[in-house]
Amino acid sequence: MKRFIYTLLLIMLSVGLQAQEGYKPTEGNLQNREWFRDAKFGLFIHWGVYSQMAGAGQTGIAEWVMEQKKIPINAYEKLPTFFNPTQFDPEEWVRMVKAAGMKYITITSKHHDGFAMYDSEVSDYNIVDGTPYGKDVLKQLKDACDKHGIKLFFYYSQLDWHHPDYYPRGRTGNDYTGRPDSGDWDAYIEFMNAQLTELLTNYGEIGGIWFDGMWDKWDEDWQLDKTYSLIHELQPNALIGSNHHKSPFPGEDFQMFERDLPGENTMGFNQTTSISDLPLEMCETMNGSWGYNLVDKRFKSVQRLVQTMVKAAGFGANFLLNTGPMPNGKIQTENIDTLMQMGKWLEKYGETIYGTRRGPIGPSEWWATTATPDGKTVYFHVLKLEEDVLFIPNYKIKPKKMTFFDGGEKVKYQNTDYGLMIEVPEHKKDHIDTIIKIEF
């Protein structure tokens, strides 16, 4: 039966596809782009059989444990046989997301280890056929998301350390895996597109596909036209983004930045600092790991994460904040606590984030600005201030009204020859974000 379905999917892939060079998004796609721009805050979930390794005794390893510990396939394939997340509760996850003020979830359907966290018909290497748990966690999560009005995106790794046809090898997953030194790259692309077809046809309408892994071998023909055409044909309104660290390619609907604000490259792997006109997103971890890692206690403070979200919004970008669920299916309490505090902040200050666009002054260490789409209201976020006066060089305003968001008191300011001076008394300062509302 699976062989028949696989053949059927390959036939689907070979017909009706158009090159993406001339890609024109549908009206529904454009509407979803605007929804995406408005959403501003989402949850990234890295979850797989690797979570059982729990860091393998070091920080930062998690979902990369197969590569970093050089675990051959015949050994790594034992992990699914005792992966049994009986405490996974999709309702609990989605209620947490809503309480945190998040609008969407992006979850790993298949990471670099090649293991599918859903019921794949084209490979038995999946959570339904290969684990004692035997259930499709993506289906359960999608049902909960639909019930509570949360959009669901699927992360999919183009890089695959397990599949024999991922050949020639890239920069990772080489000598240790035990795979033969041969393979059919076209067959691998067909396999990947067949799995994408499953994700796009078996789970109803999804938010989009979040790709990762092209950076493993840039000189390869990834046949993006075929893949992107397939996605836009099966779900014309779904959004496509790729974590390739370069400027967007034809057919992509949003641009992402990994652990960097748009235009920055503090991590060293973003190969472009150019910012496109597409919707933007930056992703970040709560500690130093994407997947669950019990020895990684480098948790970022609520202050730091909120300020990063504010700065991202100042660029007009979404903030996709990651959690790595434990192997039993529960979210670690440290992450829940952080998300609940961020949700409380957004309950009070969400007006200054949701639905906004980039402000008139770019983010800095000291501030960020967001604005309503019509530009008539600007929110000035003061993130750091050691004095009682904030000076913004080369900027002047003539507002209709300028008040502190908390309390509504008028703000004293002065336009000078060199820029704008704003008085921020000590009693009005907030250690996370002092917000000033400017109406024009």
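Here's a quick tour of two pockets and a few backbone oddities in this structure. Keep in mind that the model is predicted. The largest pocket holds about 480 Å³ of space, and the second largest has a volume of about 340 Å³.

**The largest pocket**
- You'll find 27 residues lining this pocket, and those nearest its centre are Trp-64, Trp-215, Glu-258, Phe-269 and Trp-290.
- Sort the lining by type and you get eleven nonpolar, eleven polar and five charged residues.

**The second largest pocket**
- This pocket is lined by 18 residues, with Leu-261, Glu-264, Arg-304, Thr-308 and Lys-311 closest to its centre.
- Strand S7 (280-284) and helix H10 (302-314) each chip in at least two lining residues.
- H10 gives the largest share, at five residues.
- By type, the lining of the second largest pocket splits into six nonpolar, four polar and eight charged residues.

**Backbone oddities**
- As background, most residues other than glycine have a negative phi, and most peptide bonds are trans.
- The bond from Tyr-167 to Pro-168 goes the other way: it's cis, with omega near 0°. Look for Pro-168 in the loop between strand S3 (151-157) and helix H8 (185-201).
- Gln-223 isn't a glycine, yet its phi is positive, near 50°. Its spot is the loop between strand S4 (208-212) and helix H9 (224-234). Gln-223 counts as buried because its relative accessibility is 15%, and the cut-off for buried is under 20%.
- Asn-394 also has a positive phi, near 55°, and sits in the loop between strands S12 (389-393) and S13 (401-404). With 74% relative accessibility, Asn-394 counts as exposed, since that label needs over 50%.

Key: Residues are numbered from 1 along each chain as its sequence is written. This is a predicted model: local features need pLDDT of at least 70, side-chain atom pairs count only at pLDDT 80 or more; totals for chains, interfaces and linings use all residues. Side-chain values use heavy atoms; hydrogens and water are left out. On a 1 Å grid over the protein atoms alone, a cavity is a set of points where a 1.4 Å probe fits but cannot get out, and a pocket is an open set with protein on both sides within 12 Å along at least five of seven lines; lining residues have an atom within 4 Å of a point. Grid points are joined across faces, edges and corners, and a volume is the space filled by probe spheres set on the points. Ala, Val, Leu, Ile, Met, Phe, Trp, Tyr, Cys and Pro count as nonpolar, Asp, Glu, Lys and Arg as charged, and the others, Gly among them, as polar. Helices (H or I, at least four residues) and strands (E, at least two) are DSSP runs, numbered from the N terminus. Buried means under 20% relative accessible area, exposed over 50%, partly exposed in between (1.4 Å probe, protein chains only).
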